[in-house]
Structures are given as C-alpha cells and as structure tokens.
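Q: Hi! I am new to reading protein structures. Could we go through one together, feature by feature?

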Amino acid sequence: MAVERLTASDPAAAAAAVRALVPTGSSVAGAVREVLEQVRDGGDAAICALEERFTGVRPVGLRVSEPALEDALSALDRPVRDALELARRNVDTVARSGLAGDRVIDLPQGQRITLREVPVRRAAVYAPGGQAPYPSSIVMGVATARAAGVAEVAVCATHPVMQAAAALCGADEVYAMGGAQAVAAFAFGTESVAPVDVIVGPGSLYAQEAKRQVFGRVGIDGFAGPSDLVVIATPGADPAQVALDALGQAEHGAGSVVAVVATDAALLADVAARTGNPEPALLALVRVPDVEAALAFSEAFAPEHLQLCGTEAEALAPRVTAAGCVFVGAAAGTAYGDYVAGSNHVLPTEGAARFASGLGVRHFRRTMNVVEIGPEAAAALAPAGAAIAHAEGFTAHAASMEARMDGRT
C-alpha cells in the first residue's frame, strides 16, 4: 500500500490532491464500442466467441438451467448460505423502507396530480466475477430489484457461488457471461437474452464503460470506478482498528484509495506502521488542524464510504452531505456494509457522491404523473397556459387550452 502524507491547511485542495494521486484508467471506449457492435449484430454467437476470447471458456449455452442453479445452491457451504440469506433479508428490509405509495396533490385551480411510482418490467444485475466471485454484489442487486417490485430480474454470473446467490435471491434468469458483452446482451437482446430496462451493478472498467455507452437505450445506476474510503479519526479512535479497516478497503485492489484524516500525528503514524504494503492501493494520511477541517476534507472528497471514529468524529454524522454511505462509531466497520449490515454496497465512486446515491429501489422505479383536470380547473388554467404557449410560438397549444376556457369541455 503506497503511503502519502499530507497536511491539510486547505481541506478542499488536499481532497483534490488525494484524488489526483489515483491514476485514471486508460480509455477502453473504442474496444468496448467494438464489443457492443459485435453483440448487437451477432447475438448469441458473438457473445460465445467473446467469452472464449476473454475468458478461455466457450459457453455451451448462455442461460444457466434451473437444475444447474439448484446444484450450485446445494453445493454452498452451510455457513456461507446462511450468511448470504442474512444479507438478503437485511438488504430487502432496508430497500423496502424506501418504497413510497401514490401521492395525491390537489392544486388551487381544482386539478389533481397523482404521483405514482411504477417499477420497471425487466432489470439486469451485473456483478464482478473475473478475478474473484462477488456473490455479495448479486445479493445487493437482486434483493433490491425484488423489493422494488421488478417483474423479471436477470443476472450474469459465470461462477457457481454467484449463480447460487442468484438462485437464493430469486433471480428469474441467470446467464453464463460477463464483461462488456454481457452488458450489450442485456441492452440490445439476443436470441437467448431478452433486453432489459435497467442495468445495475459494479464491475470491470470494460463493463462500466459498456454501461455508459448503452445509457439512454437502458437506464443504469451509474459508473462504478475504483473503491474509496475516508476515515475521520478523533480522540478515542483505535489505531489498530482503523488500520484493519484500511487494509480491508485496500483488498479492492489497484486504484482503491483510503484517506485517514486526523488531528493527531501520532495516530496517523500508528496507522501507517500497522498497514505496511500488502496491496496495490493508496493510503493517504491527512493531518488537519481541527475536526471542522476534517469534515471539510470529506465533503470535498465526497467518498464512497465514510467512517467516523471517536466522539468528535461521530458527532459530525448529521452534518455529512456528500458520502455514499456513512459508518458511525468504532464498531461500524465498512466491511459490514459490504456484506450484512443491510445498506447497499453498490455506491457512487470517484466523488460522485456529490450528486448520486447508492443503489436503491428508486433505480428500479420511476415516477409517473397522472393528471386529472376537470372543466372548471381547465377554464381557470387556460389563460395562463395559453399566454405561455403564445410566447413560445406554439399557437396550437394555446388553441387547445383556449377552447376549454368556457368550462364546458
């Protein structure tokens, strides 16, 4: 773990400096565009050829059969199965709390607007499975889609453990494919894969670039870049535990960044001594003059994960406005959020927490307005509506409303 030491007299500048320490990945846009075009034009055959090219394994069939899913689920070690089930229940409970019923608004002129939340019909969950399987990401995506009311949930999973997680969470379809070709299949459809409305989930740079390129044809949750964590440690924080949490985040690999922010130089030195150099991630030790500067650093950095350790740090929680997920207290390690806390671990990265949210039911639902306007409301609204339409040069719009001004329509 590469270690950088900074003194943050200007918290925003220090946050930008830490971001700049992480090199941006080389562009894969061209390569991804070629994959999308091949799948769009070639369907199943193109996907099978691409799977063989990228993984060395040519699928016999893209869709994983029900018996194969049952076998994968049966083969899970009991403790792992029980843990995944616990994670599914907790994620489901938290996700369902985000659902809202229809809201009816009656306006002064007499019209009524009903805001209806409607789930998408089909959604796809992508999860990393190349270098290592991530059944936890399957749980996060499928359980949330199910809670949102999605009728059909599809998953791409080449590893048996991920296939077992998909079966455990009730996915309707599981496909043995990955990479940009899987995203293309879900976006365009093939002989075996019906197109979906929304694609969510983390993955490789190629998969994320593919999601970006098909956005507009389908909805996506966002672009998932390298993982990051900010720890604000104030008196009372345990350096040994902070170091363990930093090492845990470093397991996400190259490009991951952990920033430990503290007023105490000795605490930062202790954390550095305990982390060593086990992973190709970046550890930034940021010394600030006070807890207010620590908060300012975090708000400017907009971390994917924010841990608040120590009494002063924990008191900052209500004031945090830019973080994917906030973990409060010495016991609340980020690792719990990755697996079993019930919060979703598919979170905005690379500073996107300034404007984006972690995966939730809203990514699988959209709000639809239902407008009810009676004759009296139509007559009351027509003069104002027609005035705006005339100003914009849309005379037919104006005439449509002016024809209702007598209130008899």
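The dialogue below looks at helix packing, a helix with two faces, and one residue in its surroundings.

A: Happy to help! Keep in mind that this is a predicted model.

Q: How do I describe two helices that pack together, and what are the values for α7 and α8?

A: Two packed helices are described by the angle between their axes and by how far apart those axes are. Here helix α7 (residues 179–188) packs against helix α8 (residues 205–214) at an angle of about 25°, and their axes are 7 Å apart. Angles under 35 degrees count as roughly parallel, so α7 is roughly parallel to α8. Their crossing is right-handed.

Q: Which residues make that contact?

A: From α7 come Gly179, Ala180, Val183, Ala187 and Phe188, while α8 brings Tyr206, Ala207, Ala210, Lys211 and Val214. Sorted by class, the residues of this contact are eight nonpolar, one polar and one charged.

Q: Let me try another pair. At what angle do α5 and α6 pack?

A: Good choice! Helix α5 (residues 135–148) and helix α6 (residues 160–169) pack at about 20°, with 9 Å between their axes. They are therefore roughly parallel to each other, and the crossing of α5 and α6 is right-handed. On the α5 side, the contact is made by Pro135, Ile138, Val139, Val142 and Arg146; on the α6 side, by Val161, Met162, Ala165, Ala166 and Cys169. By class, this contact of α5 with α6 has nine nonpolar residues, one charged and no polar ones.

Q: Now a single helix. Which residues of α3 are buried?

A: First the general idea: an α-helix has 3.6 residues a turn, so residues three or four places apart point the same way. In helix α3 (residues 66–75), the buried residues are Leu69, Ala72 and Leu73. These cover an arc of only 95° around the axis, which puts them on the same side of α3. The face turned away from that buried side carries the exposed residues Pro67, Glu70, Asp71, Ser74 and Ala75.

Q: What covers the buried residues of α3?

A: The cover includes α4 (78–96), α6 and β6 (173–175).

Q: One last residue: is Thr334 buried or exposed?

A: For this we look at relative accessibility, where under 20% means buried. Thr334 lies in helix α13 (residues 334–339). Its relative accessibility is 4%, so Thr334 counts as buried. Leaving aside neighbours within four places in sequence, Thr334 is in contact with Leu229, Gln249, His305, Gln307 and Phe327.

Definitions and conventions. Residues numbered from 1 in each chain as written. Predicted model: local features only at pLDDT ≥ 70, side-chain atom pairs only at ≥ 80, totals over all residues. Heavy atoms only, no water. Axes fitted to C-alpha atoms, helices over the stretch in contact; angles between N-to-C directions. Helix = DSSP H or I, 4+ residues; strand = E, 2+ residues; numbered from the N terminus. Parallel < 35°, antiparallel > 145°, perpendicular 65-115°, else oblique. Left-handed = near helix turned anticlockwise from the far one by under 90°. Contact = heavy atoms within 4.5 Å. Nonpolar A, V, L, I, M, F, W, Y, C, P; charged D, E, K, R; others polar. Buried < 20%, exposed > 50% of the residue type's maximum accessible area, 1.4 Å probe, protein only. Arc of directions from axis to C-beta.
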